[in-house]
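Colleague: Please pick a single part of this model and take me through it closely. I would like to know how it connects to the remainder of the chain.

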Amino acid sequence: MKVLLVILVIVVLLIMFCVSIYNNLIRLRNNRENAFANIDVQLKQRFDLIPQLVASVKGYAEHEKEVFTKVTEARSAAMNAQSIGDKIAADNALTNALSGLKVSLEAYPELKANENFLQLQNEIADIENKLSAVRRYFNTATREYNNAVQTFPSNIFAGMFGFHREPMYEIPQEDRPNLEKAPEIKF
């Protein structure tokens, strides 16, 4: 009878251990998804401001249509992206397009003094800062999730229940050379 009781206690403890690991994996996955939902909120605000920015700049820079087209197309692609990976790629493309817009604006000092443009520029800078913060949080949540999926003993349960390693929010390899250069500051 004691042996049966000991075996029963061991089985119950093993089941509780397995449930604990599974629940932790679920919590970490949901935390990662929540972190990306925070990115989505900031991206939506960014998408809403871009048409206003483009409209305010168009009057000053009519011949910069290619830059506006890239920004508009990148915004559209980002809004239509479905998976987390697609959204990350589309957001990177939009970030590059906005960088092109910022560079082309350097040729228009009178625009930079326009009150509406300054307000939009400040709002976009604020959203870009918030995006940066939520991307860091997303990468932290992804790292924690990936650690749980890849470390023993939770990796055994992760494999059994279909949990797998997820990608971080990273800068594409083709953009890295531009980011390694020091920014050019003109006065």
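Modeller: What follows is a close look at helix 5 (115-150), with the whole chain as background.

This is a predicted model, in which local features need pLDDT (the predictor's confidence in each residue, from 0 to 100) of at least 70, side-chain atom pairs count only at pLDDT 80 or more, and totals for chains, interfaces and linings use all residues. Residues are numbered from 1 along each chain as its sequence is written, and side-chain values use heavy atoms, with hydrogens and water left out.

The background comes before the detail. The protein chain contains 7 helices and 0 strands, where helices (H or I, at least four residues) and strands (E, at least two) are DSSP runs numbered from the N terminus. Average pLDDT for the chain is 82, and 78% of the residues score at least 70. By element, the mean is lowest in helix 4 (residues 109-112), at 58, and highest in helix 6 (residues 154-160), at 93. Of the 187 residues, 33% are buried; buried means under 20% relative accessible area, exposed over 50%, and partly exposed in between (1.4 Å probe, protein chains only). Contacts (heavy atoms within 4.5 Å) between residues at least 6 apart in sequence are mostly long-range, as 76% of them join residues at least 24 apart. The chain has an accessible surface of about 12,000 Å², with 59% of it on carbon and sulfur atoms; such areas come from the Shrake-Rupley method with a 1.4 Å probe, and for residues only the protein chains shown count as cover.

Helix 5 is one of the elements that build the largest nonpolar core, a core being a set of buried Ala, Val, Leu, Ile, Met, Phe, Trp, Tyr and Cys residues joined through side-chain atoms within 4.5 Å. This core has 27 residues, and I39, L94 and F138 touch the most other members. Two or more residues come from each of helix 1 (2-58), helix 2 (65-80), helix 3 (84-105) and helix 5 (115-150). Helix 1 is the main contributor, with 9 residues. Leaving out residues up to four places away in sequence, I39 touches L131, V134, R135, F138 and Y169. A separate core of 9 residues includes I21, L28, F157 and F163.

R135 also takes part in a charged pair. Its side chain meets that of D91 in a salt bridge, at 2.3 Å from N to O; the criterion is a side-chain nitrogen of Lys or Arg within 4 Å of a carboxyl oxygen of Asp or Glu. The two partners come from distant parts of the chain, D91 from helix 3 and R135 from helix 5, 44 residues apart. Both D91 and R135 are buried.

D126 and K130 make another salt bridge, with 3.2 Å between the closest N and O atoms. Both residues belong to helix 5 and stand 4 residues apart, about one turn of the helix. D126 is classed as partly exposed because its relative accessible area is 38%, and K130 is partly exposed because its value is 37%. Through shared partners, salt bridges also join R46, D91, E128 and R135 into one network. The count for the model is 7 salt bridges.

A similar pair in helix 1 serves for reference. K44 and D48 form a salt bridge with closest N and O atoms 2.9 Å apart, and they too are 4 residues apart within helix 1, about one turn of the helix. K44 counts as partly exposed because its relative accessibility is 43%; D48, at 35%, is also partly exposed.

Further along, helix 5 contains T142. T142 is buried because its relative accessible area is 0%. Apart from neighbours within four places in sequence, T142 is in contact with R32, E166, P167 and M168.

Beyond the helix comes the loop between helix 5 and helix 6, where P153 is found. The peptide bond from F152 to P153 is cis, with omega near 5 degrees.
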